Amino acid sequence: MSTASKKNRELVPERIYDMLLSARTADKVTMHFKDGRVVAGALIFNPFKGTGRVINIDQEVSIDFAIDDIRDLKI
């Protein structure tokens, strides 16, 4: 896969920011990170810092993130 086609699948940071703002009240989100990790769970997002945390209670996983770490977000 070429770098250009891989880049097209990534959302721009502004779009991710908007999605994170609208997902704050969602029960569950699925977050795809640029390093390949995929985490589903509850979302905590600080719009002023551009950082947050995804918490999966079932798997006992909590991951801190910055907007630049995210490749895709599903609500």
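These legends describe close-up views of a predicted model.

**View 1. The open sheet of five strands****.**
The strands are arranged in the order 4-3-2-1-5, and their pairing is antiparallel. Strand 4 (61-66) and strand 5 (70-74) stand at the edges. Each of these two has a single partner strand, so one side of each is left without a neighbour in the sheet. On average, neighbouring strands of this sheet are turned by 40° against each other, with direction ignored. In general, strands of a sheet pair through backbone hydrogen bonds, and the pairing is either parallel or antiparallel.

**View 2. The hairpin of strand 2 and strand 3****.**
Strand 2 covers residues 38-46 and runs antiparallel to strand 3, to which five bridges join it. L43 has V54 in strand 3 as its bridge partner. Four residues lie between the two strands of this hairpin. One residue of the turn, G50, has a positive phi of about 75°.

**View 3. The hairpin of strand 3 and strand 4****.**
Strand 3 (residues 51-56) pairs with strand 4 in the antiparallel sense, over six bridges. Here the bridge partner of V54 is I63 in strand 4. The hairpin has four residues between its strands. In the turn, E60 has a positive phi of about 55°.

**View 4. The two faces of strand 3****.**
Which residues of strand 3 belong to the covered face, and which to the uncovered one? G52, V54 and N56 make up the covered face. The uncovered face consists of T51, R53 and I55. V54, on the covered face, is the residue that has L43 as a bridge partner and I63 in strand 4 as another.

**View 5. D72 and its surroundings in strand 5****.**
Is D72 in strand 5 buried or exposed? The relative accessible area of D72 is 14%. Buried means under 20%, so D72 counts as buried. The side chains of D72 and K74 are joined by a polar contact of 3.0 Å. Leaving aside residues up to four places away in sequence, D72 touches L11, T30, M31 and H32. The strand that holds D72, strand 5, is one of those at the edges of the sheet.

Methods
Residues are numbered from 1 along each chain as its sequence is written. This is a predicted model: local features need pLDDT of at least 70, side-chain atom pairs count only at pLDDT 80 or more; totals for chains, interfaces and linings use all residues. Side-chain values use heavy atoms; hydrogens and water are left out. Two strands pair if DSSP finds at least two bridges between them. Axes are lines fitted to C-alpha atoms, for helices over the stretch in contact, and angles run from 0 to 180 degrees between N-to-C directions. Buried means under 20% relative accessible area, exposed over 50%, partly exposed in between (1.4 Å probe, protein chains only). A polar contact is a pair of N or O atoms within 3.5 Å; within protein, one must be able to donate a hydrogen and the other to accept it, and residues adjacent in sequence count only if both atoms are side-chain atoms. Contact means heavy atoms within 4.5 Å.
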